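Here is a friendly walk through the contacts that hold this assembly's parts side by side. Have the sequence and the coordinates open as you read.

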Amino acid sequence: MQRQTVIGRGVRVVLLTLVGLFFLFPIFWVLLMSFQTNQDILRIPPSLVFTPTLENYGALISGRLESTAGVLEIRFMNNLMNSVILAVSSVALSLLLGIPAAYAFARFKFRLGEDIAFTLLSFRFAPPLLVLLPLALYFQQMGLIDTYIGLIWVYQLITLPLILWIVRGYFEDISEDIEHAYRLDGNGWFKTFTRIAIPLAKPGIAAATLLSFIFAWNNFVFALILASADKQPVTVGALAFVTASGIQYGQIAASIVLSVTPTLLLALYAQRYLVEGLSLGAVKG
Amino acid sequence: MATLTLDSVSKVYKAARGRPVTAVDAVDMRIADGEIIGLLGSSGCGKTSTLRMIAGFEDVTSGHIEVGGRVIDNLLPAERNIAMAFEGYALYPPLRVRDNIGFALLRDRQPRAEVKRQVEEIAELLEIVPALDRYPPTISAGQQQRTSLARALIRKADVFLLDEPMSQLEPQLRAVLRARLKDWLITRRMTTVFVTHDQTEAIALADRIAVMEEGVLQQFASPDELKERPANLFVASFIGEPPMNLFEARVDRSRSGLGLAVLDAGGARAFELRFDAEVAGLADGAAVHLGMRPHRLRLGDRAGAVQGTVTSHSWLGDQTHVGVEIGGTECIVVAEGEVPARLGAPIAVEVPLRAVHLFDADDGRALFHGSEAAS
Amino acid sequence: MSYLSLGKLKKRFKNEVVLDGASLDVERGETVVVFGPSGCGKTVLLRLIAGINEPDSGTVHIAGQEVTYLAPEHRDVGMAFQNFALYPHLSAFDNIASPLSARGVARGEIERRVHEVAGLLKIDHVLHHLPKALSNGQKQRTSLGRALAGNPGVLLLDDPLRNVDAKLRYEMRLELPRVLKAFETTVIYVTQDYKEAMALGDRVAVLMGGGFRQVDRPASIYKDPDGTDVARLFGDPTVNLVPGTIEGGTVTALGARFPLAVSLADGPCQIAIRPESITVTLDEATSAGATPVDLGIGEDTHAVPVELDAVTPLNVRAVMLLRTADGRELLATCSEDEASRLPRGHGRGHAHIRAADLLLFDPAGRRVRPGERQ
C-alpha cells in the first residue's frame, strides 16, 4: 500500500544531502585548512581557491615550526606517541578487568551486584573536574603525577564503565544453555568463559573496545592537569599551537587530521565485527 | 453469509532490488454461501497474502475479488463487511476482554443488554467466561487467541476470515473447541476462510481445503478428496499424519492386472505388488512414485501380503503406529487400537489396491488412485 | 540403588515453589519420559540432574554416587536442549566432537566417533557446516549427536522435538528409540506431547503440582490413570469427564445405569470415558440396515440418546461432538470411513458405552479402585 511518488523520493534526497552537508562540512573544512598556510586561512572572505601546501604536516613531523615570530619547538610526534600509549594501554587494561567483571555481572546474581555495576557506571556521570582536583593532590603525594601509570589508572574512569556495560549486555544475550551445554560436555567454567562466552561476545567486545578507545583518545582534561609536556597526548599538545604570536590554525588542522586518522581507521576495520549478528544457530525461544 | 469469488487473483511484490516476487499466482476460488474453507500451506506459500487481499489490507495486483456478486477490489477494508481474527490477536489492551469482544456491536449502537448476552454466549462457547472481566495482557496466549476469535465471530459480516485461529490452543481443549466452532459456523451459515499451516486443523474444520505452495493453488477440494485423490505428489505428502509412505517404483504390465516393482534408495528391487484390476494408461516399465497411506495398509498375512521386519512400534492409546522395513525400504502402518509387535520380529503387510496412489516420476502429477479402480 | 535416583527434590524460584519433594528412580538403560503440562517444572528437574541448578533440598544420585552439588562437568551427563544450544562459532563436527575433545580423546578416535554418531543420525553430509547453515531438523540432530557423542551415563533430553516441524517430529519419534537403544544409555526425556511420551517411554513419569503424580508404563497410565488430571493429559481428543452416582453395585451416569464388576461404596463419583470407547449410531444409519452387532456393539453396552453437533475429522480417526439430553458434551471418535457417512450438520442417534470402559474417580478426582475407597 506504500507507493513512493517521484516527488517524495526527490524531497528525501534533498533532505538527506542537507543533513549530510551539515555534519560533514566541518570535517571537510578542517581537511582544507590543513593544506593551507595561516595567511590563506585568515583571509577574508575565505576562499576555496588556494595553493595547497604540505608545510603544516612537514612542521608537525619534523618538530620545528618556523614562523615570522621565530622558530617554535613542537612535540607533536611525541604527543601522538603518548596518545597511542595511553589509549592502547588503558583500553587493554580495561578489557582485562572489564570482560571478566562484565561476565560476572551478566551470569552470577550476587548480593549488591547490581549496585556495584551501577556505581561503576556512575563514574561516567561525575564531572571530571570535580574528581580531578583531589586526585591531583593524591597523585602528587603518591608520585603518580606525570607518569603513564597514573594516567592509565585515571583513564579507567572513562574506559572501564563503557566496556563493562556494553560487554555485559552482549554476555546476557548469549543463551545460557549454550554455556550449560559446554559445561556438560566436560569443560570447567573458565574454559567455558574463554572458549564460548568470549568468542560469542566478540562483536560486543569490538564495539566496546572501539568506543572506549575513541573516548580515551579524545580525552583532554585528565591529561591537561595530570601530565606535563613529555607525557601529554595530542589533544593537550594542540594547545601548543596557541602561541603568544598568534594561533597556528594550519598546524592545528593538520594535527587534527593526523590524530583522527587512527581512530577512523580502527572504526572502519572494526565495522565488520560490529554488524555481525549474535546468537547464530540458536532458535529464538 | 454471502458467496466469495476469487477470480484469477495475483499478488506481486516489487522488491527494492532484484526481480519482483509473485506471492499469489492467479488463484481461482468459488466459495459458496456458508462454506468453510481452509487455506493450507507452509510458511511463505501465499496463504496469508491471499487472506489479506480478501480483507483489503493488500492490493490485488491483478484479478478480482467478489463478495455476494459485488466486486470489492477497490473498497477500503472497513467498507467490505468482512470480519477478521488476526494471528497476532490485535486485541485492544485498555479494554476488558468483554469489551474487546463486543466492540463492533457496541460501535453499531446495539442495546447493551443484547451485546452482553451475545458476548456471554460466545465466551461460553470458547471457554473464556472466567477471563471476561480481565484485560488482554493479563490472560494467557491461548485465551487471547480465543478472545480475538470471539471478537470476529460475534459480528454480522458477509465473510469471516480467521488467520491461524487455533494455533495456541491448549491440547486438552483443542478437539472440543474445534467441534464447537464448526457447529457455530455451520448453524449460522457463516462463509468462512481460515488460514492454517496445520493440516490436521484444516481437515477438521473445512468443507474444502485450498492447498497452496509457492503462490500456486495446488488443489482445492474436500478433505476426503485430498486424501483419496491428491492431485499431485506435493498434496499427497502434505496431507496426512503420519505422512504418506513414498517409494520409487516401476510399473510392470508383463502380466494381467497391475504390477509394481518397488525400488529401494539404491534403485534395486525391494518388493513387488500385484493387483487384479483393470487399469488403463500406465505403460509397462514407467517410472512412478508410489504413495501408500499408512492407515490404509493392514497388518495381516493374507495372500499377496509383503513380508517385512518391525523397526518401530508405538501405541498411542487409540491407534498403533508400526514401522516396517521391507527389503531395505521403510514404511509406516497405522492400525486402530492396540496391536502387539516386537522390534525385529517378522511381520506381514497387506496392501489393498485402495491404499495405492501413483504419481508421475518427473512432474509429480497424479496418474492413478487405487480408490477409483477399486470402487 | 537405581542408576539415577532423585530423592525428595525441592526447588523454589522467588516465591514460586516449582518442585516440592519430587522423587524418582530410573534403572540403567531405561528411558523414562517426564511428562506434564507446561510450567510443571520438567525443565527445572532436568537442570537439577544436570547440575545447572542446585536444589533447595533433596538429593541426586547417579550410579550410586551423590552428585547433588557436583559441577555439571563432573557428572557424566549429556543433555540436548529445547533450543538446541549449538555453539554458533563451531562447525557441526566440532559441536558433536565437543564432549570428546573436552576429555582429551585422540583426534583419530574423535573422527571415528563423530562419524559414527552422525551416521546414525543421518547428518554425516553436513558435518562441515556452521549451525546457521543447518536446517532446523539438522540442528536438532546435531544437538542430539553432541549429547550422545560422549556416551554419557545419563542422557537428558529437554523437549528436543519442540522446535522442529510436524513431519520431522514424527520421523524422530519413530527413530529415537532405535538410536537410544544403540547407546544403551539411561535417558530422561522431557516432553509435553503425550504421543511422544507414549511412543518413547519405557515408563512415563507424570509431573504435576511439584511432584510425580504417577510413574508407570505408558499402557498402564493410559488405561488405569490415578486421577482425572492424569487421565486428561493423555489422548487426543482428551478423555470425557462426567459426574455419576454409585448405588448398590451400579453406577448411574448420562441417564444410564451401568453394572459394576467390583463392589464400591455408594456416593457421588466422577467418570472418565475415552472417546474411542464410545460407539455412535445415528437413527437413520441403524434403520438403514446396520445392526448394533455389525458395529461391534455387544450385549453389555448401554445406549445414551445423543444429538450429534459436529464432526471434525482428524488424520486417522474423526471426532464427533455429541450432546446428551441434559446438555452435557461428549466427544467420541470413529474411523475415517464411518465419518464420511455422517451428516455435515446435526443428527440424532445413540452413544453406546460399555460398563467395562468406565474409569471411576471420587469427586476430588482421585481414582477409585476396589478396596481403596475411604
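Let us begin inside chain B. Between domain 1 of chain B and domain 2 of chain B there are 3 salt bridges. One of the residues to look up is E228(B), which forms a salt bridge with R296(B), with 2.6 Å between the closest N and O atoms. The count of residue pairs in polar contact between these two domains is 6, both residues being at pLDDT 80 or more. On the side of domain 1 of chain B that touches domain 2 of chain B, helix 7 (223–228) and helix 8 (233–238) of chain B each supply at least two residues. That side divides into 5 nonpolar, 2 polar and 3 charged residues.

Please keep in mind that this is a predicted model. The domain assignment of chain B gives domain 1 (4–238) and domain 2 (245–374). Their contact takes 10 residues from domain 1 of chain B and 13 residues from domain 2 of chain B. The C-alpha centres of domain 1 of chain B and domain 2 of chain B lie 37 Å apart. Together these two domains bury about 930 Å², with 54% of that area on carbon and sulfur atoms. Within domain 1 of chain B, the residues that lose the most area to domain 2 of chain B are E228(B), R229(B) and L233(B), which together account for 56% of what that side buries. E228(B) thus appears twice, as it also takes part in the salt bridge with R296(B).

Chain B also holds a sheet worth a look. Its 4 strands form an open sheet in the order 2-1-4-5, with antiparallel pairing. The edges are taken by strand 2 (21–31) and strand 5 (70–71) of chain B, each with a single partner strand, so one side of each has no neighbour in the sheet. Strand 1 (residues 4–13) and strand 4 (residues 62–67) of chain B run antiparallel and are joined by 5 bridges. To find the register, start at T5(B), whose bridge partner in strand 4 of chain B is E66(B).

Now for chain A. Chain A is divided into domain 1 (6–73) and domain 2 (76–275). The contact takes 16 residues from domain 1 of chain A and 17 residues from domain 2 of chain A. The C-alpha centres of these domains lie 30 Å apart. The area buried between them is about 1400 Å², and carbon and sulfur atoms give 76% of it. In domain 1 of chain A, N38(A), L60(A) and L65(A) lose the most area to domain 2 of chain A, together 37% of what that side buries.

How many salt bridges does the rule find across the interface of domain 1 of chain A and domain 2 of chain A? The count is 0, and there is 1 residue pair in polar contact, both at pLDDT 80 or more. Helix 1 (6–34), helix 2 (38–42) and helix 3 (55–62) of chain A are the elements that give two or more residues to the side of domain 1 of chain A that touches domain 2 of chain A. Helix 3 of chain A provides the largest share of that side, 5 residues. By class, that side has 12 nonpolar, 4 polar and no charged residues.

Next come the contacts that chain C makes with its neighbours. The table sets out the buried areas.

| Chains | Buried area | Share from carbon and sulfur atoms |
|---|---|---|
| Chain A and chain C | about 2100 Å² | 61% |
| Chain B and chain C | about 3700 Å² | 53% |

In the first pairing, 22 residues of chain A are in contact with 25 residues of chain C. The rule finds 2 salt bridges across the interface of chain A and chain C. E73(C) and R183(A) meet through their side chains in a salt bridge at 2.7 Å, N to O. Helix 8 (176–184) and helix 9 (189–200) of chain A each supply at least two residues of the side of chain A that touches chain C, and helix 8 of chain A gives the most, with 7 residues. That side divides into 11 nonpolar, 6 polar and 5 charged residues.

In the second pairing, the contact takes 44 residues from chain B and 39 residues from chain C. Across this interface the rule finds 9 salt bridges. D207(B) forms a salt bridge with R344(C), the closest N and O atoms being 2.5 Å apart. There are also 20 residue pairs in polar contact across the interface of chain B and chain C, both at pLDDT 80 or more. Elements that each supply at least two residues of the side of chain B that touches chain C include helix 6 (199–205), strand 16 (306–315) and strand 17 (319–326) of chain B. Helix 5 of chain B provides the largest share of that side, 10 residues. By class, that side has 14 nonpolar, 14 polar and 16 charged residues.

Conventions:
Residues numbered from 1 in each chain as written. Chains lettered and ligands numbered in written order. Predicted model: local features only at pLDDT ≥ 70, side-chain atom pairs only at ≥ 80, totals over all residues. Heavy atoms only, no water. Domains from an automatic or database assignment. Contact = heavy atoms within 4.5 Å. Buried area = accessible area lost by both parts, 1.4 Å probe. Salt bridge = Lys/Arg side-chain N within 4 Å of Asp/Glu carboxyl O. Polar contact = N/O pair within 3.5 Å; in protein donor to acceptor, adjacent residues only side chain to side chain. Nonpolar A, V, L, I, M, F, W, Y, C, P; charged D, E, K, R; others polar. Pairing = 2+ DSSP bridges.
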